Amino acid sequence: QVQLVESGGGLVQPGGSLRVSCTASGSIFRFNPMAWYRQAPGKERELVASIFINSKTAYADSVKGRFTISRDNSKNTVYLQMNSLKPEDTAVYYCNRVSNTWNWGQGTQVTVSS
């Protein structure tokens with residue numbers, strides 16, 4: 001079973017930037033479309049951004065133009081660059097594949113607050 005480890009979260013002021021990372025164990029990472037999800041307190045987990053094997057990307061309307069997903073298959077790592085952060089971006093951020101998800105990692109907390 002693939003293990004996912006997210007990192008890079010923290011406290012940032014509104015309008016600031018942050019980059020979170022997720023590293024997966026195993027060599028099958030490069031054959032899977034990957035995504036970032038987030039879960040805010042009291043809300044369901046939602047899909048934020050996806051990156052496919054051909055490097056095409058897709059974004060939720062709420063983050064389009066502000067977030068950028070990328071991947072480095074040589075490092076089994078997927079990144080999420082978050083710019084122009086808003087308080088409503090506050091959540092625990094997780095990565096996983098787009099469908100038939102593996103076991104979830106612990107996530108990384110992103111808090112946007114002044």
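Q: What makes arginine 71 a charged residue without a salt bridge?
A: Arg counts as positive, along with Lys, while Asp and Glu count as negative; His and the chain ends are not counted. A salt bridge needs a side-chain nitrogen of Lys or Arg within 4 Å of a carboxyl oxygen of Asp or Glu. The nearest side chain of opposite charge, aspartate 72, is 8.4 Å away. So arginine 71 has no salt bridge. It is nevertheless buried, meaning under 20% relative accessible area (exposed is over 50%, partly exposed in between; 1.4 Å probe, protein chains only).

Q: How do you know which residues and atoms these values use?
A: This is a predicted model, where local features need pLDDT of at least 70 and side-chain atom pairs count only at pLDDT 80 or more, while totals for chains, interfaces and linings use all residues. Residues are numbered from 1 along each chain as its sequence is written, and side-chain values use heavy atoms, leaving out hydrogens and water.

Q: What polar contacts does the side chain of arginine 71 make?
A: A polar contact is a pair of N or O atoms within 3.5 Å; within protein, one must be able to donate a hydrogen and the other to accept it, and residues adjacent in sequence count only if both atoms are side-chain atoms. The arginine 71 side chain reaches the backbone oxygen of phenylalanine 29 at 3.0 Å. It also joins the side chain of asparagine 73, again at 3.0 Å. Both pairs therefore qualify.

Q: Which residues does arginine 71 touch?
A: Contact means heavy atoms within 4.5 Å. Leaving aside residues up to four places away in sequence, the contacts of arginine 71 include Phe29, Pro33, Met34, Ile51, Phe52 and Val78.

Q: What makes strand 7 two-faced?
A: Arginine 71 is found in strand 7. Strands (E, at least two residues) and helices (H or I, at least four) are DSSP runs, numbered from the N terminus. One face of strand 7 is covered: Phe67, Ile69 and Arg71. The other is uncovered: Thr68, Ser70 and Asp72.

Q: How do you know that strand 7 and strand 8 are paired?
A: Two strands pair if DSSP finds at least two bridges between them. Strand 7 and strand 8 (residues 77–82) have 6, in the antiparallel sense. So they pair. Arginine 71 stands opposite valine 78, and phenylalanine 67 opposite methionine 82. The two strands form a hairpin with 4 residues between them, where asparagine 76 takes a positive phi near 50°.

Q: What makes strand 1 and strand 7 edge strands?
A: They belong to an open sheet of 4 strands, order 1-3-8-7, with antiparallel pairing. Strand 1 (4–7) and strand 7 (67–72) each have a single partner strand, so one side of each lacks a neighbour in the sheet. Strand 3 (residues 18–24) joins strand 1 by 4 bridges and strand 8 by 6.

Q: Which strands form the other open sheet, and where are its edges?
A: Its 6 strands run in the order 2-10-9-4-5-6, with mixed pairing. The edges are strand 2 (10–12) and strand 6 (57–59), each pairing on one side only.

Q: What are the bridge partners of tryptophan 36?
A: Alanine 49 stands opposite in strand 5. In strand 9, the partner is cysteine 95. Strand 4 (residues 34–39) pairs with strand 5 over 5 bridges and with strand 9 over 6, antiparallel in both cases. Of the 6 residues in strand 4, 5 are buried.

Q: Why is the pair of arginine 38 and glutamate 46 called a salt bridge?
A: Their closest N and O atoms are 2.7 Å apart. That is within the 4 Å cut-off, so the name applies. The structure holds 4 salt bridges.

Q: Why do arginine 38 and glutamate 46 fall in opposite or neighbouring exposure classes?
A: Arginine 38 has 6% relative accessibility, so it counts as buried. Glutamate 46 has 35%, so it counts as partly exposed.

Q: What does the salt bridge of arginine 66 and aspartate 89 tie together?
A: These side chains meet at 2.7 Å, N to O. Arginine 66 lies in the loop between strand 6 and strand 7, and aspartate 89 in the loop between strand 8 and strand 9, so the pair links parts 23 residues apart in sequence. Arginine 66 and aspartate 89 are both buried. They are linked with Arg38 and Glu46 in a network of salt bridges.

Q: Are aspartate 61 and lysine 64 buried or exposed?
A: Both are exposed. Their salt bridge has its closest N and O atoms 3.1 Å apart.
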